[in-house]
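The following report walks through one molecular structure, moving from its strands to its core, its helices and its ligand. Please keep the sequence and the 3D view at hand while reading.

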Amino acid sequence: MKILVTGRDGMLGSALMNRLATGVDGGAAPVAVGLDLPDGDLTDAAVAAELVKRHAPDWIIHCAAWTDVDGAETSFERALAANGAATAHLAAACRTAGCGLTYISTDYVFDGRGRGGDAAAGYDEDDPKAPVNRYGQTKAAGEDHVRVLETPWQIVRTSWLFGDGRVNFVKTIRRLLQERESLQVVDDQRGCPTYADDLADVLVRLVSGRHRGIFHATNRGDCTWFDLARETAVACETSPERIRPCTSEQYPRPASRPACSILRSRRLEEAGCPPRPAWQDAVGRYVALLESGRVTHP
Ligand SMILES: NC(=O)c1ccc[n+]([C@@H]2O[C@H](COP(=O)([O-])OP(=O)(O)OC[C@H]3O[C@@H](n4cnc5c(N)ncnc54)[C@H](OP(=O)(O)O)[C@@H]3O)[C@@H](O)[C@H]2O)c1
């Protein structure tokens, strides 16, 4: 199987390239080709078509995206081009080439209140989309271009991603703990942290099994940002008491953030994916990796 990974240099794309290099279920590693902006801008239809034609993959895992959530509020057209139009171009190229497409999406396609207003319920794969902010609108637009494909497709929604990349919450908290005595972190937004390495494992399983449809893929369990910050402190072997809770009102951001973005993942179990590691375990592994210095983005 030949797999084309877009967003190769990003947080998820690089974890996925590493994971693909190790093989699938003890078998031989698939042929994996990674692409990123220096290879071509996917918002250009001709560029996207030419790249797919040139590499002739059996499957595309589309990790490239505009991921600046607050920036999407002010640069909506550019964000929509990167997340909507680029995905439409790849979907068209998949239709022509007859290859499969996996699109990575987000919890922000939901309204942030939980199914039927029940925050504890979170969201199932089939719950109606109602994007909580403009970034969510652009990602929902990307989903709409994928789900009409006749060739095999997957939409894999994830949330609160961290891993070896330029910026992520766990890395930021670790740095701030080195710079400041105490920190305030919001305690009224609940979601599911996801380690890029663990998501890469799920993606390889889904693609090698050629499963179809919408999936929710995160680490096991849910928490608030405050809980995640405290767990990061524990992993960094410092006192979690240095982290204090605050409200979203005390920490305003340009884009609205969901109070509830818990993704329930029934379909992954149906597809035979083993339970994901707990989010606390994932934080421990990532912080250990950062401390080892064996990262591209320290
Ligand atoms: N990060 C999260 O917390 C989170 C949560 C839920 C879902 N997701 C989704 O997960 C996926 C991976 O996210 P990530 O955090 O790994 O992203 P990332 O680190 O920002 O990487 C995205 C990559 O895509 C490239 N790219 C952007 N626009 C492009 C274009 N027009 N043509 C070609 N390449 C382009 C970027 O290049 P430049 O850096 O040079 O722009 C970057 O290398 C995305 O679909 C994202 O929406 C992320």
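Two strands are said to pair if DSSP finds at least two bridges between them. By that criterion, and bearing in mind that this is a predicted model, strand 8 (residues 190–191) and strand 11 pair in the antiparallel sense over two bridges, and within this pairing Arg190 has Thr224 of strand 11 as its bridge partner. These strands belong to an open sheet of three strands, ordered 11-8-13, in which the pairing is mixed. Strand 11 (223–224) and strand 13 (260–261) are the edge strands of that sheet, since each pairs on one side only.

**Parallel pairings around strands 3 and 4**

Elsewhere, a series of parallel pairings links strands 1, 3, 4 and 5, as the table sets out.

| Strands | Sense | Bridges | A bridge pair |
|---|---|---|---|
| strand 1 (residues 2–6) and strand 3 | parallel | four bridges | Thr6 and His62 |
| strand 3 and strand 4 | parallel | four bridges | His62 and Tyr103 |
| strand 4 and strand 5 (residues 153–158) | parallel | six bridges | Thr102 and Gln154 |

His62 thus appears in two of these rows, with Thr6 as a partner and with Tyr103 of strand 4 as another. In general, strands of a sheet pair through backbone hydrogen bonds, either parallel or antiparallel.

Are the two sides of strand 3 covered or open? Both faces of strand 3 (residues 59–62) are covered, with Trp59 and Ile61 buried on one side and Ile60 and His62 buried on the other. Strand 4 is likewise mostly covered, seven of its seven residues being buried. Gly100, Thr102, Ile104 and Thr106 point one way from strand 4, whereas Leu101, Tyr103 and Ser105 point the other way.

**The nonpolar core**

The largest nonpolar core holds 82 residues, and the members that touch the most others are Leu12, Leu16, Ile61, Leu90, Ala196 and Leu203. Helix 4 makes the biggest contribution to this core, giving ten residues. As a general tendency, nonpolar side chains in soluble globular proteins are buried together.

Ile61, one of the core members just named, touches Ile3, Val5, Leu16, Thr102, Leu203 and Val207 when residues up to four places away in sequence are not counted. Val207, for its part, lies in helix 7 (residues 196–208) and touches Ile3, Trp59, Ile61 and Thr102, again not counting residues up to four places away in sequence. Why does Val207 count as buried? The cut-off for that class is 20 or more other C-beta atoms within 10 Å, and Val207 counts as buried because it has 24 C-beta neighbours inside 10 Å. Val207 and Val109, by contrast, are 98 residues apart in sequence and 23 Å apart in space, C-alpha to C-alpha.

**A cysteine in a loop**

Cys273 is placed in the loop between helix 9 (266–270) and helix 10. Because Cys273 has 18 C-beta neighbours inside 10 Å, this residue counts as partly exposed. Not counting residues up to four places away in sequence, Cys273 touches Val202, Arg205 and Leu268. Cys273 and Leu203 are 70 residues apart in sequence, yet 9.9 Å apart in space, C-alpha to C-alpha.

**Two sides of helix 6**

In helix 6 (residues 169–179), the buried residues are Val170, Lys171, Ile173 and Arg174. These four lie on the same side of helix 6, because they cover an arc of only 165° around the axis. An α-helix has 3.6 residues a turn, so residues three or four places apart point the same way. On the other side of helix 6, Arg175 and Glu179 are exposed. The elements that cover the buried residues of helix 6 include strand 6 (161–162), helix 8 (225–235) and helix 10 (279–292).

**Surroundings of the ligand**

The ligand is surrounded by 26 residues, of which Gly10, Met11, Ala64, Ala65 and Leu161 are the closest. Helix 1 (11–20), helix 4 (76–97) and strand 4 (100–106) are the elements that each give two or more residues to this shell. Which element gives the most to the shell around the ligand? Helix 1 does, with three residues. Sorted by class, the shell comprises 13 nonpolar, nine polar and four charged residues.

Key
Residues are numbered from 1 along each chain as its sequence is written. This is a predicted model: local features need pLDDT of at least 70, side-chain atom pairs count only at pLDDT 80 or more; totals for chains, interfaces and linings use all residues. A residue is near a molecule or strand if its C-beta atom, placed from the backbone, lies within 6 Å of it. Ala, Val, Leu, Ile, Met, Phe, Trp, Tyr, Cys and Pro count as nonpolar, Asp, Glu, Lys and Arg as charged, and the others, Gly among them, as polar. A residue is buried if 20 or more other C-beta atoms lie within 10 Å of its own, exposed if 12 or fewer, and partly exposed in between; C-beta atoms are placed from the backbone. The arc is that of the directions from the helix axis to the C-beta atoms. Two residues are in contact if their C-beta atoms, placed from the backbone, lie within 7 Å. A nonpolar core is a set of buried Ala, Val, Leu, Ile, Met, Phe, Trp, Tyr and Cys residues joined through C-beta atoms within 7 Å.
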